[in-house]
Amino acid sequence: MGGKGEYGVDLDALDQVVKELNHVLQMMGDSKSTAKNSTYLAKGTLGHGFAEEGQLYQAHDAMKGDIERLMDMVEGLVDRFGKKSSKVRGAYQDAEADNTVSMS
């Protein structure tokens, strides 16, 4: 683009961003499921009757909850960014089409 005030947007690059973000979301689903369903510390796993037993299980439960909340936050962020990227891509594609029509 040579003239003053002109711009260029690589729609293929925006497509790639959206594709990659959707892949991240897919992979996060696996991690989120693992964090929620496969991070379980059964009572008695580490023994019984020691002084710190209750604290240990409470700390585990608190950390598990923190990880699940963090995964939700990151997943929401990636999803919002992907949707916004897709919307921006559509807007630029529409603008290019409008410019093409007006130049004809």
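A salt bridge here is a side-chain nitrogen of Lys or Arg within 4 Å of a carboxyl oxygen of Asp or Glu. The model shown in these views is predicted. By this rule it has 6 salt bridges.

**View 1. K83 and D79 pair within helix α2.** The closest N and O atoms of K83 and D79 are 3.1 Å apart, which makes the pair a salt bridge because the cut-off is 4 Å. Both residues lie in helix α2. They are 4 residues apart, about one turn of the helix. K83 is exposed, with a relative accessible area of 56%. D79 is partly exposed, at 27%.

**View 2. K64 and E68 form a salt bridge in helix α2.** Their closest N and O atoms lie 2.6 Å apart. The spacing in sequence is 4 residues, about one turn of the helix. Is K64 buried or exposed? K64 has a relative accessible area of 17%, so it counts as buried under the 20% limit. E68 reaches 23%, so it counts as partly exposed.

**View 3. K32 and D72 link helix α1 to helix α2.** The side chains of K32 and D72 meet in a salt bridge, with 2.7 Å from N to O. This pair joins distant parts of the chain, as K32 sits in α1 and D72 in α2, 40 residues apart. K32 is partly exposed, at 29% relative accessible area. D72 is also partly exposed, at 39%. E75 belongs to the picture too: K32, D72 and E75 are linked in a network of salt bridges. Side chains of opposite charge can pair when their charged atoms come close.

**View 4. L21, L25, M28, M71 and V78 make up the largest nonpolar core.** This core has 5 residues. Helices α1 (11-37) and α2 (53-103) each supply at least two of them. Which helix gives the most? Helix α1 does, with 3 residues. In soluble globular proteins, nonpolar side chains tend to be buried together. M71 is in contact with M28, S31 and K32, leaving aside its neighbours within four places in sequence. M71 therefore touches both a core member, M28, and a residue of the salt-bridge network, K32, since contact means heavy atoms within 4.5 Å.

**View 5. Helix α1 packs its buried residues against helix α2.** The buried residues in α1 are L11, L14, V18, L21, L25, M28 and A35. Among them, L21, L25 and M28 also belong to the largest nonpolar core. How does the length of α1 compare with the expected span? At 1.5 Å a residue, the 27 residues of α1 should span 39 Å. The end C-alpha atoms of α1 are 39 Å apart, which agrees.

**View 6. D10 caps the N-terminal end of helix α1.** A side-chain oxygen of D10 lies 3.1 Å from the backbone nitrogen of D12.

**View 7. E53 is buried without a salt bridge.** E53 is placed in helix α2. Which side chain of opposite charge is nearest to E53? It is K43, 7.3 Å away. That distance does not qualify, because a salt bridge needs the atoms within 4 Å. E53 touches G47 and H48, not counting residues up to four places away in sequence.

Definitions and conventions: Residues are numbered from 1 along each chain as its sequence is written. This is a predicted model: local features need pLDDT of at least 70, side-chain atom pairs count only at pLDDT 80 or more; totals for chains, interfaces and linings use all residues. Side-chain values use heavy atoms; hydrogens and water are left out. A nonpolar core is a set of buried Ala, Val, Leu, Ile, Met, Phe, Trp, Tyr and Cys residues joined through side-chain atoms within 4.5 Å. Buried means under 20% relative accessible area, exposed over 50%, partly exposed in between (1.4 Å probe, protein chains only). Helices (H or I, at least four residues) and strands (E, at least two) are DSSP runs, numbered from the N terminus. Lys and Arg count as positive and Asp and Glu as negative; His and the chain ends are not counted. The expected span of a helix is 1.5 Å times one less than its number of residues. A polar contact is a pair of N or O atoms within 3.5 Å; within protein, one must be able to donate a hydrogen and the other to accept it, and residues adjacent in sequence count only if both atoms are side-chain atoms.
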